[in-house]
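This briefing is intended to accompany the sequence and the three-dimensional view shown below. Please keep both at hand while reading, and locate each residue as it is mentioned.

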Amino acid sequence: MVSFNDIQFNKTSTYNGKIVLHNPNLDTFKLIVSYGDTVNGAGPIKNQYQVSLKNNLDKYIQLSDYDNTIGYVSMEEINEFIKLVKTTVDLNQIKDHFRDNFSDDD
């Protein structure tokens, strides 16, 4: 099964990694994971990463009320999100996952 450990990071001005996720019901997605000075994630030192998701048309899916990215996400939370993206039959579950788990009301 695909997990966080399969992401290969490349260093530019930040560390960026991506992985393709196949969902038999909703097609293909690209998960982008970043960390470094200019993004919302310190990386392995603090287990914090910034994530975003693109659809098969290479368009970002809005993951929060305000942005296409979610910051300060742990490796464990990314693995949970990967599982959801690969198995759900409802795109709204993907869009709402971080809204439900990382809301401003917490």
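**Strand β4 and its partners**

Strands β4 and β5 pair in the antiparallel sense, and two bridges join them. The model is a predicted one. The points below begin with the strands, pass to the two helices and the nonpolar core, and end with the loops.

*Strands*

- In the pairing of β4 with β5, Y49 stands opposite V73 of β5.
- Strand β4 also runs antiparallel to β3, to which five bridges join it.
- In the pairing of β3 with β4, I32 stands opposite S52 of β4.
- Is β4 mostly covered or mostly uncovered? Six of the six residues of β4 are buried, and the strand is therefore described as mostly covered.
- The side chains of β4 fall into two sets: Y49, V51 and L53 point one way, while Q50, S52 and K54 point the other way. Both sets are buried.

*Helix α1*

- Helix α1 spans residues 75–87 and has 13 residues.
- From its first C-alpha to its last, α1 reaches 19 Å, which is close to the 18 Å expected at 1.5 Å a residue.
- The buried residues of α1 are I78, F81, I82, L84 and V85. These residues lie on the same side of α1 because they cover an arc of only 165 degrees around the axis.
- Which exposed residues does the face of α1 turned away from its buried side carry? That face carries K83 and T87.
- The buried residues of α1 pack against four strands, β2, β3, β4 and β5, and against helix α2.

*Helix α2*

- Helix α2 covers residues 91–101, and I94, H97 and F98 are buried in it. Their arc around the axis is only 65 degrees, so they are on the same side of α2.
- The cover over the buried residues of α2 includes β3 (27–35), β4 (49–54), β5 (70–73) and helix α1.
- At the start of α2, a side-chain oxygen of D90 comes to within 2.9 Å of the backbone nitrogen of N92.

*The nonpolar core*

- In soluble globular proteins, nonpolar side chains tend to be buried together.
- The largest nonpolar core of this model has 22 residues. Within this core, the residues with the most contacts are L31, V33, V51, L53, I78 and F81.
- Two or more residues of this core come from each of β2 (15–23), β3, β4, β5, α1 and α2.
- Which element gives the largest share of this core? Helix α1 does, with five residues.
- F81 touches L31, L53, L63, I94, H97 and F98, when residues up to four places away in sequence are not counted. Among these partners, I94, H97 and F98 are the buried residues named above for α2.

*Loop residues*

- N55 is placed in the loop between β4 and β5. With a relative accessible area of 23%, N55 is partly exposed.
- Leaving out residues up to four places away in sequence, N55 touches T28, F29 and I61.
- A polar atom of the N55 side chain lies 2.9 Å from the backbone nitrogen of L57.
- N55 and V20 are 35 residues apart in sequence, and their C-alpha atoms are 9.9 Å apart in space.
- D58 is also found in the loop between β4 and β5. D58 has a positive phi of about 65 degrees although it is not a glycine. Its relative accessible area is 42%, so D58 is partly exposed.
- N47 has its place in the loop between β3 and β4. The phi of N47 is near 55 degrees, a positive value in a residue other than glycine.
- N47 counts as partly exposed because its relative accessibility is 25%.
- S74 has its place in the loop between β5 and α1. Is S74 buried or exposed? S74 counts as buried, because its relative accessibility is 13% and buried means under 20%.
- Apart from its neighbours within four places in sequence, S74 is in contact with N47 and Y49.

Technical notes: Residues numbered from 1 in each chain as written. Predicted model: local features only at pLDDT ≥ 70, side-chain atom pairs only at ≥ 80, totals over all residues. Heavy atoms only, no water. Buried < 20%, exposed > 50% of the residue type's maximum accessible area, 1.4 Å probe, protein only. Arc of directions from axis to C-beta. Contact = heavy atoms within 4.5 Å. Polar contact = N/O pair within 3.5 Å; in protein donor to acceptor, adjacent residues only side chain to side chain. Core = buried A, V, L, I, M, F, W, Y, C linked by side-chain atoms within 4.5 Å. Expected span 1.5 Å × (residues − 1). Pairing = 2+ DSSP bridges.
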